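Work through the exercises below with the model open. Each task is followed by its solution in steps.

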Amino acid sequence: MAFCSNCGKQLEENAKFCPACGAKTETSGETAEIPVEQAFATETPAPAKASGKLDLQMLIYSIINTVILCLPLGIASLILTILAKDAPSAEEEAKKLKTAKTCNIIGTLIACTILFLLILAIIMIIGGSLLSLLIFNPHH
């Protein structure tokens, strides 16, 4: 079994050039033998490139989160959303967008909790005031 001495691909018998890389084979008709590990080694694929586009939906969510809901987490998600556009790989881009989404969700939950507690406090204050008027009103 003959292999190309340049790229390690299997060669046809009496091949003058490697069909994979185009390298010239040995002139004597024999080609270099390569170790089995190298012959069957798999190449790791290059990481997919990032889209290079700004995720507008996440950007809008981040802006709303920053302005209305939760300032610190909104700013963090806004920065991550913008940085994801320039990520070197699709994996890094997805990681940054996922982190931005997590920040946005946590910010939304914090804002909803604060709003719920605020409404509850207002109800208690109004209810307490009405109750005190009914109990302590001497004209009634």
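Accessible areas come from the Shrake-Rupley method with a 1.4 Å probe, and for residues only the protein chains shown count as cover. The model is predicted: local features need pLDDT of at least 70, side-chain atom pairs count only at pLDDT 80 or more, and totals for chains, interfaces and linings use all residues. Residues are numbered from 1 along each chain as its sequence is written, and side-chain values use heavy atoms, with hydrogens and water left out.

**Exercise 1. Describe the protein as a whole.**

Step 1. Take the exposed area. The protein exposes about 10700 Å², and carbon and sulfur atoms supply 66% of it.

Step 2. List the elements. Helices (H or I, at least four residues) and strands (E, at least two) are DSSP runs, numbered from the N terminus. The protein has four helices and two strands. Along the sequence their pattern is β-β-α-α-α-α.

Step 3. Find the buried share. Buried means under 20% relative accessible area, exposed over 50%, and partly exposed in between (1.4 Å probe, protein chains only). Of the 140 residues, 22% count as buried.

Step 4. Look at contacts, meaning heavy atoms within 4.5 Å. Among the contacts with a separation of 6 or more, 48% join residues 24 or more positions apart.

**Exercise 2. Analyse helix α2: its span, its buried face and its opposite face.**

Step 1. Check the span. The expected span of a helix is 1.5 Å times one less than its number of residues. For the 14 residues of α2 this gives 20 Å, and the end C-alpha atoms are 18 Å apart, which agrees.

Step 2. Pick out the buried residues. In α2 they are M58, L59, S62, N65 and T66. Seen down the axis of α2, they fall within an arc of 125°, so they line one face of the helix. The arc is that of the directions from the helix axis to the C-beta atoms. An α-helix has 3.6 residues a turn, so residues three or four places apart point the same way.

Step 3. Turn to the face away from the buried side. There α2 carries the exposed residues L56, Q57, I60, V67 and I68. L56 counts as exposed because its relative accessibility is 54%.

**Exercise 3. Which residues make the nonpolar surface patch of about 810 Å²?**

Step 1. Apply the rule. Patches are made of residues with over 30% relative accessible area and no salt bridge; like charges are joined within 9 Å, nonpolar side chains (Val, Leu, Ile, Met, Phe, Trp, Tyr) within 5 Å.

Step 2. Collect the members. They are L54, L56, I60, I63, I64, V67, I68, L69 and I82.

Step 3. Assign them. Helix α2 (residues 56–69) gives the most to the patch, with seven residues.

**Exercise 4. Repeat the helix analysis for α3, then follow L80.**

Step 1. Helix α3 (residues 71–84) has 14 residues. From first C-alpha to last, α3 reaches 20 Å, close to the 20 Å expected.

Step 2. The buried residues of α3 are G74, S77, L80, T81 and A84. Down the axis of α3 these residues fall within an arc of 130°, so they line one face. The face turned away from the buried side carries the exposed residues L71 and P72.

Step 3. Now follow L80, in helix α3. Leaving aside neighbours within four places in sequence, L80 is in contact with K96, T99 and A100. L80 and K95 are 15 residues apart in sequence and 9.5 Å apart in space, C-alpha to C-alpha.

**Exercise 5. How many salt bridges does the protein have?**

Step 1. State the rule: a side-chain nitrogen of Lys or Arg within 4 Å of a carboxyl oxygen of Asp or Glu.

Step 2. Count. The rule yields one salt bridge. D86 pairs with K85, with the closest N and O atoms 3.5 Å apart.

Step 3. Add the exposure. D86 counts as exposed at 57% relative accessibility. K85, at 31%, counts as partly exposed.

**Exercise 6. Place A20 and L115, and relate each to a residue elsewhere in the chain.**

Step 1. A20 lies in the loop between β2 (10–11) and α1 (36–39). With 52% relative accessibility, A20 counts as exposed.

Step 2. Beyond four places in sequence, A20 is in contact with C7 and K9. The C-alpha atoms of A20 and K9 are separated by 6.9 Å, and the two are eleven residues apart along the chain.

Step 3. L115 lies in helix α4 (residues 90–136). L115 is partly exposed, at 49% relative accessible area. L115 and L69 are 46 residues apart in sequence and 9.6 Å apart in space, C-alpha to C-alpha.
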